[in-house]
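Biologist: Before I rely on the terms used for this model, I should like to hear the reasoning behind them.

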Protein chains: 2
Amino acid sequence: MVPTIRDVAQRAGVSISTVSRVLNKSAVVDEAKRERVEEAAEALGYRPNPAALSLLGHSTGGIGVLLPYIAGDFFSEFLHRIDRLTSENGYFLVVSSSHRSVKEFQAVIQGLNRRVDGLIVMSTEVPAQTVCDWLPAGLPIVFVNTEVDRDGIEAVNFDNRGGAYRLTEHLLERGHRRIGFLKGPDASCDANDRLDGYRAALRDHGVEPDPALEVPGDFTMEAGEAAVPAFLALDPRPTAVFAGNDLSAYGVVSALRGAGLDVPADVAVAGFDDIPLSRFSSPTLTTVRAPVREMGEGAIERLLAQIKGGDGRDRRVVTLGTEVVVRESTAS
Amino acid sequence: MVPTIRDVAQRAGVSISTVSRVLNKSAVVDEAKRERVEEAAEALGYRPNPAALSLLGHSTGGIGVLLPYIAGDFFSEFLHRIDRLTSENGYFLVVSSSHRSVKEFQAVIQGLNRRVDGLIVMSTEVPAQTVCDWLPAGLPIVFVNTEVDRDGIEAVNFDNRGGAYRLTEHLLERGHRRIGFLKGPDASCDANDRLDGYRAALRDHGVEPDPALEVPGDFTMEAGEAAVPAFLALDPRPTAVFAGNDLSAYGVVSALRGAGLDVPADVAVAGFDDIPLSRFSSPTLTTVRAPVREMGEGAIERLLAQIKGGDGRDRRVVTLGTEVVVRESTAS
DNA sequence: CTGTTAGCGCCTTCAT
DNA sequence: ATGAAGGCGCTAACAG
């Protein structure tokens, strides 16, 4: 069996309280006994039972991370950043990223409740306020890339709208006036913010947004391929397509080529996310880059601050900037 | 405060034992009381404290996953597969993927000990036996892509050596005789198995491996770029380079181009992993595909079987096959 | 300074 | 069928 504090006490010939005091340095203990206890603990390989600690209301040592299912590098990079800072601070990560419904999402988040000291939540479909209502007040939470509809909530977001706005401006500068937009999932706030930015840029440059140019999609490559016939059927045909994310942009590129059109000569294509592929594909893809690393680090830093109870924290939404990356797929 | 079993008992006008019996269906309880208890629990939103359960020696509900730092899709796809099956079975995932040293790796793995019911460990540098020695016997573990040096250990590996062997054969068939090999980290068993496969294929086809053709690397793109001068300095210069993984293969491609050489016309390049980029890059990359999905699902299934105590389990290493994917970068 | 004791929330005998 | 009591491992008062 795993040794308990009692085993250590027995081996050192002291009471369990003395052991506790030594190991937690919570009081002064006779030098000789201290050494005996330390030796005994070392010899037995004693480690306090985390369940007992957390039952006493102490820290669980866990940090929960809830993400939607995200493929690839955003996921791994984000988690990696969090992981580093988390383990450096003696915490471990409890991760969940597969929720097929809001119901399931809620169940997972509530199941995590007393298992972690704090939560980092990326919720693209459920607003922050709702998530908070599922949990006891006082549980530290930092949201990431989530719609925040109330004050007093901490979040690290990035500027979807601004990125889409500037990417659209880039297309306008290149002379495009008929710019198709491939939408993301209806419920996704990322998708909606990007659409907003696209529309706003058009308006601000004197181009009235045309609903016919906005084709439904869901961020998958298949949706990108499926959307191309709709774009090509328009009259006049769009000279550029702004896809809601890189993955679906590749679907668009692939289907356009299938239709005998060249990218960017016949139709320019742009995406959003700057996945690694975008730098290497042929053509390389014009897109918008999100500050993944800063988001991960920012979120965990603010969460740890909340947990450590520094009450001078700023309960607010931080929005990090995004950067337009111009590449071949929108070359004039 | 979060409601305890006592709150439920009080609200239902029964003792806590009765509540426990109802909620766990551990004994027959009077119909009327049962309903009252269920109502009370529902109304209060009662959920047993996981710490208390685990203190009683019951399940913690956690499954630990230890991975080395892996960029991109292998990581996210693997974790995603595990996550799905894990949460479907009512467990949650405790993840750690950043260990800069064996010491730290050991600390993390030991820290996870009583927090989880079982462990999935991918250890590319420390053999399975050593990891087992750090933990109490009896804790369910399944290794993934890890060197196993003793019987009685469960693991899901994939055939690094065979994949490298067959990819080398492919290059030989294309007529290459001077094939450079860009190595991975010395301590990585993946890297070593791939090197083994490369050498074996050469020998089996009557080509004596030349140590000068084996250039050090560490699986990063930078290492790939840095290695190119060494390859080009050889006389005769290699006509093909087999990089230990895709990422470093791209470094090689990039630096070869920088040196004015064409891939594959002047030098063929191949990698290992089949990252998503490989299908889209220019040129598309010849590589070896690992069965990520099967590994994730296989590992978690076998771990759950261990946890559920089915003792008819087969304690052995399962090695999944790999597949050579021929693309443009090695076209004749 | 140090040992004893009372819980933390829950399940599980043990009586009733 | 049900309530009372013991104890999982540990810390934090409380007595010495």
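Modeller: The following exchange concerns a predicted model and takes up its contacts with DNA and between chains.

Biologist: Why is A:Ser20 said to make a polar contact with DNA strand D?

Modeller: An N or O atom in the side chain of A:Ser20 is 3.1 Å from a phosphate oxygen of DNA strand D. The cut-off is 3.5 Å, so the pair counts as a polar contact. The side chain of B:Ser15 likewise has an N or O atom 2.9 Å from a phosphate oxygen of this strand. For A:Asn49, a backbone N or O atom lies 3.1 Å from such an oxygen.

Biologist: What makes up the surface near DNA strand D by residue class?

Modeller: Twelve of its residues are nonpolar, nine polar and five charged. H2(A) gives the largest share, five residues. On the DNA side, sugar and phosphate account for 68% of the atoms of strand D that come within 4 Å of the protein.

Biologist: Why are strand E2 of chain A and E2(B) called paired?

Modeller: Three bridges join E2 (residues 92–96) of chain A to E2(B). Pairing requires at least two, so these strands pair. They run antiparallel, and A:Val94 stands opposite B:Val94.

Biologist: What area do chain B and chain A bury between them?

Modeller: The two chains bury about 3800 Å², 60% of it on carbon and sulfur atoms. B:Arg114, B:Arg115 and B:Phe280 supply 18% of the area that chain B buries against chain A, more than any other three residues. Between the chains there are zero salt bridges, but twelve residue pairs are in polar contact, both residues being at pLDDT 80 or more.

Note on methods:
Residues numbered from 1 in each chain as written. Chains lettered and ligands numbered in written order. Predicted model: local features only at pLDDT ≥ 70, side-chain atom pairs only at ≥ 80, totals over all residues. Heavy atoms only, no water. Near = heavy atom within 4 Å. Polar contact = N/O pair within 3.5 Å; in protein donor to acceptor, adjacent residues only side chain to side chain. Helix = DSSP H or I, 4+ residues; strand = E, 2+ residues; numbered from the N terminus. Nonpolar A, V, L, I, M, F, W, Y, C, P; charged D, E, K, R; others polar. Buried area = accessible area lost by both parts, 1.4 Å probe. Salt bridge = Lys/Arg side-chain N within 4 Å of Asp/Glu carboxyl O.
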